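User: Could you walk me through this model, one question at a time?

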Amino acid sequence: MAKKIPFNVVFASDEDVNFPASELNNHGPTVHGWRSAPDGSLTSHDIILRFQQPAKIYRIQLLAHQYLIPEKVELWLHYSPKSLPSTPSSQYFDFLGFVALADNANTNYKSRELQSVTVSPRRGTHLKLRLIGVQGNDYNDTGQISLLAVNVLGEDLEVGPSNGNGEEHLVSEAPPLDTATGELALASICDDLLFSMYVEESIVQSIRKLEQRKILAVSAERFEYARKLKLCMTALRSAGERLGRYALAKRQAVRQEDFTTARLRKEQIEMYRAAVLRQLQVHQLLEPQGVALSSNDQSCEIYAGGKPSLPAAPSLQDVAQALAEATFSPKSLTSLSLDDKSSTDGSQGQPGNYNVVTATAAAPAAAPASLQATPTPTLGGWRKSHDELPQSPRLPSRHSSPMSSRQGSLRRRNKSVPRNSYEDYEERAIPTLRQECQGNALLEADPNRGRSRLNDRERRQAALPILVFGSELVEQFYSRQFQDREDGLLRLRNFLKEHDPVEASGNEHAASPNKVARSAALLLHRAVRDAVYSVFGQATETVRMLFLEYVPGRVSPNEVARCVDRLLPELLAKSGDPSARLHTLAQHTILSIAACPEVAEQHLVAPALSRSVGSGTHQRLAMSRLQMLEQLVHTQGISTDKHSGLTCRALSECGCSGIHHPAEPVRKVAERILLLVYKVNPRLVRKQLPPDDDITRRNLLYRQLFTEFDKLDLDRKQELLEANKYSSGDAATPPADKASTSSDASRLMNSRSGHGLGPVSSSSNGYASCNGKQQYNEQLKRSMLSVSNSRKGSASNSESTEDNTPKIRCPFCDWSCVGSDASQLDRHYWKSCPFLSKCPQCSQVLEVAALNYHLTTECDAKESYVVCTRCTESVHKQLYELHQMEDYCRELKTGAARCPLCHDDVHLPQDGGWKLHLLSAGGCPGNIRKKNLKKSN
């Protein structure tokens, strides 16, 4: 498998002093990358990378800057064995190609472009990047270009005898591909540049170790252990991205010389990393002793429900308060006074300046060792909401603080000591620490100072949530940082999971379930309107958890209705968002709310969805509403309660308004809703629509809808016929004339509606499937004869003709002959009727309109035929590719049918289109029976 090839930058044509080319050697969130010299005169810039070992190259990844973007990057590769000396001037590079970069104007120069170039396998020891041109923009005043990171993926090349110069293609070797995705198979996900540039370095190393353990677990068939490792790696990646953002914030603080914030960020990183590793049990999963732990092969609570939850990230306020608690504890202050007294008493015999310098320089180096050896105490002085926040292993304890040795110098500032000595210089850093301590004390006195405080209007709005959840959690919902809003939603879910209504009823100060639900709805009403997708996803998950886990059996119906009234309009608005992931997530959340028993009993969701859809409603919003309404009909069924919103009248009115929408996808969903209602109450649906006549059927929309109604009516009539047949006592031995009459009626209805005889014959009485082709043909002749006799008798009675001469007439093509010999009609069906045709496989006589359906569903050779996805004809499997190359294989027009004889479109097949196509003089050119019919006449 491909892995990351380590390299070193050995040459750069120019570089900025603050952004050297050596930055490309490492990957991480805090990497600056290379940047060209400002106001340089070079038009192209060369950077040469030397691999630490000869390698076989599969892929090259480049990460560009936000606005210092070159026009293109050329890639050159060189290979030289280790035995041959090589210098940049003596190397010969092969040109691999170039990568064109976008100007990034569409993202307002806020995102970075990642280009991954897959090359044919080549040996190489050096890679040269030639950056050409500059993408001009308002942010690039100096004409510089930059490259943030370079990643080379491949395999180490075993050192052996070289063939020639070694620069030829490796034609016989293909890059390893992943069988599932078809992409390049990587030995580790950490080797991808997209991963290593945004995940903190220590987390990357932990994920690499976990991947190795997973490979060993799979080989040993420890599948539960492998599942835990996989979930742990997924959670670690999310935590690593957050730690990477913290590292960027720390670097920004250092650049601004805000060292107080930098120290808080540093402790924040340590605290959050330790909490994540402890909660995910990473040390236990790594099995450092090399012995398999039985607990890793058993299910545990953390990994039982899929992706494990991460601990809440400590804010800077929490870190500052922890530092203040550790520094100003009573025991720490006692030790400070003792140190001060001993230092004052032992002032005589003070060593010289050299010894002072040595002591003060060694003190910071000895501090971390003492910190690591000192156990971390529990901070009992925190508020109740911070009791479970993680503590850094590097956090000073109450008993020994690194600031305790310097605290005595606060009292020695007024002593008569030289102001320019090294010791006094160290003392001058103390006011900064004093200000920091004062800031920590202020944070402890006012918890809202670390995060943006709520104004009076927001406090009035969130009065109830503050009373129930506390001001800190509510401030996270009102924070401008989306990470704080995500943490607030996570804490809200944990609160809802842990809230016990039994304990709340026993404690007079605890909030009731109704108040908790109302407060959560107030906060979620703000969260579901968030523009950040990650926050919206967390909000919808919390909404589903509120209605599916917390509300049932706890919250009163009135409070449930109030919560739904507050959240449903915002979710309906989100369901009309053009983004697919947003409206899909909103639809899923609304359907989850509708599945809550308390919501379903009060019919709170369906009436809002079954309102009429206006022609001015946005397409996405109208389609989302109708799709959710259709799903509710499938899950909850059509109700008779007039307040449910799922009655036949409400659904039919909504469907009738939807079929007049200008967007076709909306009309399709509305048609499906009308068909669902038509199965229950056909009379009501037809009453909502225009009358079913020729004028109405000229409209394509109504013609398709009425055709589906006719199919449902036909199915209903067949079910009634079968029910009547089985309800009668002679169902076991039906008379021949009764069977033939029912078969004739079904065939006559199918012939008028344009369907084939084949499928009806097999579904009516089963002659074709049970008695073979011969009996089916006999039954077909009897039915056609009976239909012709009935038509003949009705015509003679209506016209009151006195001609008693027997006459035989074909019910399909109106062919007639004098006489009563039925063999003439059989011969006509078998040879000359243009409306019928023989199956090319089984020689069965059937209608031309039903030939395609017969070949794929009823014929003995149906396994050899498939339906063409383009023209809907039945084609033999061996001829399918040739068929798609023919000119007549084209898209079928809406409302038309395809003739299997001449491959032309038959327009209006339900309104006599087949008869016009097959019987007219200029009709079907592929129908040979028309000539036979003329000869017989």
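Analyst: Sure, starting with a term: buried means under 20% relative accessible area, exposed means over 50%, and partly exposed is in between, with a 1.4 Å probe and protein chains only. This is a predicted model, where local features need pLDDT of at least 70, side-chain atom pairs count only at pLDDT 80 or more, and totals for chains, interfaces and linings use all residues. Residues are numbered from 1 along each chain as its sequence is written, and side-chain values use heavy atoms, with hydrogens and water left out.

User: What percentage of the 937 residues in the protein do buried residues make up?

Analyst: Helices (H or I, at least four residues) and strands (E, at least two) are DSSP runs, numbered from the N terminus. The protein has 37 helices and 16 strands. Out of its 937 residues, the buried share is 44%.

User: Among contacts between residues at least 6 apart in sequence, how many percent join residues at least 24 apart?

Analyst: A contact here means heavy atoms within 4.5 Å. Taking the contacts between residues at least 6 apart in sequence, the part joining residues at least 24 apart is 65%.

User: Which residue is 4.1 Å from G124, C-alpha to C-alpha?

Analyst: G124 sits in strand 7 (residues 114-132). It counts as buried because its relative accessibility is 0%. Not counting residues up to four places away in sequence, G124 touches F51, P54, A55, L77, H78 and Y79. The partner 45 residues away in sequence and 4.1 Å away in space is Y79.

User: How far apart are the end C-alpha atoms of helix 15?

Analyst: The expected span of a helix is 1.5 Å times one less than its number of residues. Helix 15 (residues 482-498) has 17 residues, so it should span 24 Å. The model agrees, with its end C-alpha atoms apart by 24 Å.

User: What covers the buried residues of helix 15?

Analyst: The buried set is Q483, D484, R485, E486, D487, G488, L489, L490, L492, R493 and L496. Their cover includes helix 3 (223-255), helix 13 (463-469), helix 14 (471-477), helix 17 (513-527) and helix 18 (533-550).

User: Are helix 17 and helix 18 roughly parallel or roughly antiparallel?

Analyst: Axes are lines fitted to C-alpha atoms, for helices over the stretch in contact, and angles run from 0 to 180 degrees between N-to-C directions. Under 35 degrees is roughly parallel, over 145 roughly antiparallel, 65 to 115 roughly perpendicular, and the rest oblique. The two helices pack at about 160°, with axes 10 Å apart. That makes helix 17 and helix 18 roughly antiparallel.

User: How many nonpolar, polar and charged residues are in the contact of helix 17 with helix 18?

Analyst: Ala, Val, Leu, Ile, Met, Phe, Trp, Tyr, Cys and Pro count as nonpolar, Asp, Glu, Lys and Arg as charged, and the others, Gly among them, as polar. Helix 17 brings P513, V516, A517, A520, L524 and A527, while helix 18 brings V535, F536, A539, T542, V543, L546 and Y550. The split is 12 nonpolar, one polar and no charged.

User: Is A517 buried or exposed?

Analyst: A517 is in helix 17. Leaving aside neighbours within four places in sequence, A517 is in contact with L546, Y550, V555 and C563. With 0% relative accessibility, A517 counts as buried.

User: Are helix 19 and helix 20 roughly parallel or roughly antiparallel?

Analyst: The axes of helix 19 (residues 557-575) and helix 20 (residues 580-594) come within 8 Å and cross at roughly 150°. Helix 19 and helix 20 are therefore roughly antiparallel.
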